[in-house]
Amino acid sequence: MRDHAYYMNIALEQAAIAGEQGEVPVGAVVVMDDTVIAAAHNSVVSMDDPSAHAEVLALRRAGARLRNYRLTGTRLYVTIEPCIMCAGAMIHARIGHLIFGAYDDRSGAMTLFDAFNNGRLNHRVEVVPGINGRTASMLLRDFFKKRRASVDTAHHRSMMPSGT
């Protein structure tokens, strides 16, 4: 069996693709029996779809491949702690394990709600946090730093008098 870092590196490759396409750099991989059955990256902007998070797209692809909406026995690797929407999708899909990289203090379903271990829900997901978290955090930090710099540059240019 390959270790978590191996599969997280595949998710990080997906995240890098998202970043290159102007999407928030998040990647996800669904694994069953040590085989990658689906991979995806954020595509919210390119698909004009607020639900096109890497996790949701990877779950959709895994379901299509397995021809089943229940993904029992699978592991989902994602570069950042999933939001509550993605957590709900994982719980409904019956994902067995979630392995993520960076924590998300602003919208992480585990950090804010402990959604994966809530006794009132009919399924619990085993969570392994922090795998390649530093790399995932750096990807996100660099992406937003570049985005802020380009916005600041565009704003600065718009403030310059014409003809200069």
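A pocket, as I use the word here, is an open set of grid points with protein on both sides within 12 Å along at least five of seven lines. Keep that in mind. This is a predicted model.

Let's start with the sheet. The sheet is open and has 5 strands. Their order is 2-1-3-4-5, and the pairing is mixed. Look at the edges. Strand 2, residues 35-41, and strand 5, residues 126-128, stand there. Each has a single partner strand, so one side of each is left without a neighbour in the sheet. Neighbouring strands are turned by 20° against each other on average, direction ignored.

Now strand 5 and its partner. Strand 4, residues 97-102, pairs with strand 5 in the parallel sense, over 3 bridges. Find leucine 98 on your screens. Valine 127 in strand 5 stands opposite leucine 98.

Next, helix 1, residues 4-20. Helix 1 lies across strand 1 (27-32), strand 2, strand 3 (74-80), strand 4 and strand 5. Against strand 3, helix 1 runs at about 50°.

Back to the pocket. What volume does the largest pocket have? About 390 Å³. The lining includes Ile80, then Ala102, Tyr103, Asp104, Asp105, Arg106 and Ser107. Ser137, Leu140, Arg141, Phe144 and Arg148 line the largest pocket too. Which element gives the largest share of that lining? Helix 6, residues 133-159, with 5 residues. As for chemistry, the lining divides into 5 nonpolar, 2 polar and 5 charged residues.

To recap: an open, mixed sheet of 5 strands, helix 1 lying across strands 1 to 5, and a largest pocket with helix 6 giving the largest share of its lining.

Conventions. Residues numbered from 1 in each chain as written. Predicted model: local features only at pLDDT ≥ 70, side-chain atom pairs only at ≥ 80, totals over all residues. Heavy atoms only, no water. 1 Å grid on protein atoms, 1.4 Å probe; cavity = no way out; pocket = protein on both sides within 12 Å on 5 of 7 lines; lining within 4 Å. Points joined across faces, edges and corners; volume = space filled by probe spheres on them. Helix = DSSP H or I, 4+ residues; strand = E, 2+ residues; numbered from the N terminus. Nonpolar A, V, L, I, M, F, W, Y, C, P; charged D, E, K, R; others polar. Pairing = 2+ DSSP bridges. Axes fitted to C-alpha atoms, helices over the stretch in contact; angles between N-to-C directions. Contact = heavy atoms within 4.5 Å.
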